[in-house]
Structures are given as structure tokens and as C-alpha cells.
Amino acid sequence: MACWVDAGLVRVTIQILLDQQITAREIEQAANLSPSDVTVIMRGTTGKPRPKRILAEKAERIFALEARRDHLAAAGPNAFRFRRRLFALARRGWRLVTVADGSGVGCATVADIMRGTERKLSTAVAGLLDEFYQAHKFELGDSLTAHDRAELKQYPPAEAWPDSSIDDPKSQPDWSLVDAGAIRRELTVHVEQLHLASLRDGSLTAKRVRVGPVVRHIELLLDQGMPMGAIARGAKRPYTRVFGILYKAKNRGLKWVNAADAAAIIAVGFDPLAVDKGVRALGARRRIQALQWNKWRLREIAAGAGVGYVTVAKISSGQYEWVRTRTFEAVMAFYADNSDCEGGAKRRGRFPPPMAWDDETIDDPEAVPNGWVKPERKRRQRK
């Protein structure tokens with residue numbers, strides 16, 4: 001027949017052990033109890049009160065721990081000092097998962113240390129955490145969110161903890177050695193550089209990224225003289241999208257942007273041809289008009305020169321004062337090859353013919369066509 005013992009006596013013994021900084025998990029392991037047995041004895045379970053009696057065999061194993069409490073309390077390093085180390089790493093932007101992966105310690109163990117539920121550590125775990133902390137305590141992590149949360153909870157960084165005081169439970173952090181603004185600024189620049197690198201090499205897997213690096217890249221290209229349209233063409237994105245990113249970030253508080261758009265914009269480099277203001281459109285206009293006199297249609301000129309039809313039409317009509325250098329060179333090359341032959345139009349254009357210009361005067365704003373008089377337009381008489 002099973003023997004029972006009053007649970008109150010067992011709870012007193014467990015409380016004495018807990019007061020000695022011995023965790024519930026260590027009590028369960030030392031007394032060969034099932035997981036969460038200590039919690040059930042001390043607090044009960046959901047919907048059920050604390051037990052009034054406990055099996056005598058289980059109670060005896062718990063009572064036997066009281067004689068070993070000094071040994072249990074001394075077993076393993078105290079997790080308190082490692083909690084300070086994790087707080088210091090979080091203040092410099094280190095995420096919990098990154099610390100766990102870098103140190104080789106389980107993520108759950110690191111989380112328990114930070115929450116304060118883990119009071120004792122094995123020597124191996126303590127060694128791994130201490131080695132990681134010593135190697136990275138003054139380095140920057142990759143998470144602004146981790147830093148902001150740590151700053152909100154007033155976790156002191158590594159600068160506030162000298163090696164001689166970080167393990168002393170009675171010591172206080174020296175905040176005079178901490179420049180919180182400098183840490184935030186350095187971390188912001190560091191995270192943006194990581195984002196830029198991941199955008200350039202295509203290793204970023206997130207769907208959205210912070211808009212700051214993208215805006216700074218657009219502004220850098222604009223300051224160098226590259227127009228917004230050239231940036232949009234280089235990124236193969238609509239003009240309105242590139243302009244919208246810059247406008248919304250400046251005026252509407254845009255914080256995040258699509259990762260694919262960000263990668264495309266970051267990949268755009270400085271294009272000297274886009275910055276080049278070009279040459280005056282007068283020479284190109286005279287050449288196109290001379291070809292029109294020779295029965296060349298505007299579409300034929302555009303197709304032969306490799307220039308857009310709208311561009312050719314606006315040059316011919318005088319809407320452009322300047323044209324790009326490559327556009328001018330394309331028109332000049334087509335004119336040199338085809339000024340002596342006729343196109344497919346039925347009528348000649350009412351412009352100076354190629355014979356009215358020579359190579360020295362066709363680009364001169366003060367020159368006039370040789371021997372050419374603009375024909376009068378014949379008006380039809382109304383009947």
C-alpha cells in the first residue's frame with residue numbers, strides 16, 4: 001500500500017532549495033522527478049489546486065536534497081553574470097538567434113538566461129558564452145530592433161561593465177562611459193552597409209528592406225548630375241516608382257521598400273552619358289530637315305538612325321534645344337550615309353536641301369543655307 005506525506009513539508013524543503021539559487025530543473029534532475037513536478041507541487045496545475053499529499057518515496061528523495069544543498073548551489077557557474085553579457089550584446093544589435101548560432105549554445109538556453117529562468121549553467125555552456133562575449137562585445141550586430149528593445153529596457157552595453165565588475169552582483173554599470181547616441185548611429189550605418197552588400201550580391205531573402213540606403217543611393221546619383229529618368233531606365237523600373245520612393249521617404253515617412261526594387265536601384269551605377277547635357281539640337285535638326293527635303297519620312301530616319309520616332313519628330317519641329325551626344329552622332333552618321341539618296345515619301349519637305357549646307361556651316365547657328373529661299377505655301381482659293 002502506497003504511503004503518503006504531507007505536501008506542505010515538501011514545499012518548505014523545495015522553497016529552501018530555491019532560495020539557495022537552485023533551479024527547479026536542477027531539483028527535478030537531482031531527485032529523479034518528472035519534468036514540471038516541482039511546479040505542480042509548488043503551484044498546482046491549470047484548473048487544479050496544489051496537491052495536499054505526495055508519495056513518500058518521492059518526498060524522501062526531495063528531503064535528501066536538503067543535505068546536499070550546498071553542493072547543488074555550488075555546481076556550475078551562476079547564470080546571472082552571463083545574463084549581463086547577453087544584455088550588453090543586445091545593446092549593440094546582436095539578436096538572440098545570432099548569439100546562439102555563433103556561440104554554439106541552444107537558442108532556448110540563451111532565452112532562458114535572458115529571462116532569468118536559468119540560474120545555473122554547465123561549465124561547457126558558460127565557456128562558450130564567455131568566449132563569444134569576449135570576441136564580440138565591442139562589435140556591432142545586424143539588428144536595429146534588438147538594440148532599440150535593449151535601449152528601451154535600459155540594458156547597459158559592454159562599455160559600462162569593466163571585466164572586474166561584470167561578475168559582481170552588487171556592482172552597478174558605469175553609464176558615464178556610454179555614448180548611447182554614438183552606438184545607435186554606428187549601428188545604423190553598419191546595418192545599412194550590410195543591406196547594401198546583400199542587395200548587390202543577391203543574398204538578401206527578405207521581401208522588404210529599409211528605404212534609407214535606397215534613398216541615399218538615388219540622391220548620390222542625382223548630386224552627380226544623373227537625371228531621375230536615367231536612374232529609372234538603368235533600374236528597369238517605371239519613373240513614377242523611383243520618384244515615388246524618394247518622395248514618400250522624404251515627405252510621407254516611408255520606412256520600407258520592396259526588396260526587388262531596392263536591389264535594382266542599388267545596382268544602377270553612374271552613367272557619364274546620362275550626365276552629359278549633350279550638344280545643341282540645331283545641327284541634328286538641319287540634317288533631319290535636309291533628309292526630309294530628300295523625301296525621307298521621319299519614321300524612316302528614326303528606324304535607320306536607331307533613335308525613337310518621337311525624338312526625331314521633336315528635333316525636326318524645334319522642340320528640343322539640346323540632344324544627347326549619342327543621339328546627335330546617330331543622326332549625323334545616318335545623314336552622312338543617306339543625304340545623297342531619296343527616301344520613300346511622295347513629296348519633298350519644305351526645308352533647305354543637303355546641297356545648301358556644307359560640313360563647316362551646318363552646325364553654325366549664324367550660318368544661312370546657300371542659295372535657298374523658302375518656297376511660299378500655295379493657298380487654295382475658295383470657290
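**Group meeting: cavity, pocket and surface in a predicted model**

Let me begin with Q154, which sits in the loop between helix 10 and helix 11, the latter spanning residues 180-201. I should say at once that what we are looking at is a predicted model, and that the values I quote are computed from it. The backbone at Q154 has a phi near 60°, a positive value in a residue other than glycine. As for its surroundings, Q154 counts as exposed because its relative accessible area is 61%, where the cut-off for that class is over 50%. A second case is K295, which is not a glycine either and has a positive phi of about 70°; K295 is placed in the loop between helix 17, residues 282-293, and helix 18, residues 298-305.

Let me now step back to the chain as a whole. The protein chain has 20 helices and six strands, and of its 383 residues, 40% are buried. If we take the contacts with a separation of 6 or more, 75% of them are accounted for by residues 24 or more positions apart. The accessible surface of the chain comes to about 23000 Å², and carbon and sulfur atoms hold 51% of that area.

I turn next to the interior. How many cavities of 30 Å³ or more does a search of the whole structure find? The search finds one, and the space in this largest cavity is about 50 Å³. Its lining is made up of F82, R85, L86, L89, V99, L129, F132 and Y133. Helix 6 and helix 9, residues 123-136, are the elements that give two or more residues to that lining, and the largest share, four residues, comes from helix 6.

One of those lining residues, V99, deserves a closer look. V99 belongs to helix 7, which covers residues 96-103, and V99 counts as buried because its relative accessibility is 4%, whereas the class takes in values under 20%. Leaving aside residues up to four places away in sequence, V99 touches L86, L89, W94 and F132. With L89 in particular, the separation is ten residues in sequence and 8.3 Å in space, C-alpha to C-alpha.

From the cavity I move to the second largest pocket, which holds about 390 Å³ of space. Its lining consists of 19 residues, and those nearest its centre are A90, L96, M114, A146 and R149. Which helices each supply at least two residues of this lining? They are helix 6 (80-91), helix 7, helix 8 (107-115) and helix 10 (144-152).

Helix 10 also contains H147, and this residue is buried because its relative accessible area is 0%. Not counting residues up to four places away in sequence, H147 touches A90, R91, G93, I183, R184 and L187. A90, then, is touched by H147 and is also among the residues nearest the centre of the second largest pocket.

I will finish on the surface. Y239, F243 and Y247 form a nonpolar patch there, with about 300 Å² of accessible area together. Taking one member of the patch, Y247 is found in helix 14, which runs over residues 239-251, and Y247 counts as partly exposed because its relative accessibility is 36%, a value that falls in the class between under 20% and over 50%.

Notes: Residues numbered from 1 in each chain as written. Predicted model: local features only at pLDDT ≥ 70, side-chain atom pairs only at ≥ 80, totals over all residues. Heavy atoms only, no water. Buried < 20%, exposed > 50% of the residue type's maximum accessible area, 1.4 Å probe, protein only. Contact = heavy atoms within 4.5 Å. Patch = residues over 30% accessible without salt bridge, like charges linked within 9 Å, V, L, I, M, F, W, Y side chains within 5 Å. Areas by Shrake-Rupley, 256 points an atom, 1.4 Å probe, with all protein chains shown as cover. Salt bridge = Lys/Arg side-chain N within 4 Å of Asp/Glu carboxyl O. 1 Å grid on protein atoms, 1.4 Å probe; cavity = no way out; pocket = protein on both sides within 12 Å on 5 of 7 lines; lining within 4 Å. Points joined across faces, edges and corners; volume = space filled by probe spheres on them.
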